[in-house]
Amino acid sequence: MVTLRSVNTLDGLIDLVFSYNPEANADLLRRAYAFSNEVHYKQKRKGGDPYIEHPLAVAAILCDMKMDTNSIAAGLLHDSVEDTDTTVEDIRALYGEDIAFLVESLTKLNKMEFKTSEDAQAENFRRMFLAMAEDMRVILIKFADRLHNMRTLEHLSSSKRELIARETLDIYAPLANRLGIGWLKSKFEDLSFKFLYPDIYNELVQKVAKKREEQEGYLYEVIKIVEAHLKAASIPGRVFGRVKHLYGIYQKML
């Protein structure tokens, strides 16, 4: 499971990047941040926060995914063409072909109207897979964008929350699963669950919280037993356990 860390400053973001990539181009990130902050300066998020907090959060999620510097820069710039007067040519002139390609591809994906019918879902999967065929980074940046939007979904109207949560559960979570990104699938499912079925979600949160210490203690004991047997049999290995995520528990209950 990836531990998602939040940052609220450019310096914090650069520290995250350097934690896994000491050779990262910090100047590129500073320039991308300054540009994004300038073009989004007058814009606010639905919750009233400065808009720059969104691309900064997306970039931080990409750091937790240990993405390359160009991807993180594209994360900082990903809404600049769609939401401001910036053009792809502007991005290309300032940051080069690779980052321009990522931003342009993300802009095209953002213009897709997602629905949940089987035919529309198949078309959405097809277009996303085509984007992945060109460059997997496009989808990973889109995942980071969607994840932060899901984490701030409470600021939207109830109808908009339900639409985005359903889209995330029907399209983004299965795609993350197909790509083998289990932690992201779980995040998408739990956040969608929270907004689609709030009463059931809150009840389950309370019940799981009461039993979590007992469950974690049981897992610890089982792990130790299995590790001892592996050692006795001279089989190298590490044993892991986890408490099932909330939407997974809900599915089992159903």
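## Exercises on a helical model

Among the contacts in the protein with a separation of 6 or more, where contact means heavy atoms within 4.5 Å, residues 24 or more positions apart account for 67%. This is a predicted model, in which local features need pLDDT of at least 70 and side-chain atom pairs count only at pLDDT 80 or more, while totals for chains, interfaces and linings use all residues. Residues are numbered from 1 along each chain as its sequence is written, and side-chain values use heavy atoms, with hydrogens and water left out.

**Exercise 1.** Determine how many helices and strands the protein has.

*Solution.* Helices are DSSP runs of H or I with at least four residues, and strands are runs of E with at least two, numbered from the N terminus. On that basis the protein has 13 helices and zero strands.

**Exercise 2.** Locate His155 and describe its surroundings.

*Solution.* Begin with the chain: His155 lies in the loop between α9 (136-151) and α10 (158-178). Next, its relative accessible area is 40%; because buried means under 20%, exposed over 50% and partly exposed in between (1.4 Å probe, protein chains only), His155 is partly exposed. Finally, leaving out residues up to four places away in sequence, His155 touches Lys46 and Gly47.

**Exercise 3.** Identify which residues have the most contacts inside the largest nonpolar core.

*Solution.* Such a core is a set of buried Ala, Val, Leu, Ile, Met, Phe, Trp, Tyr and Cys residues joined through side-chain atoms within 4.5 Å. The largest has 75 residues, and those with the most contacts inside it are Leu13, Ile91, Ile99 and Phe143. Beyond its neighbours within four places in sequence, Leu13 contacts residues including Leu56, Cys63 and Ile72.
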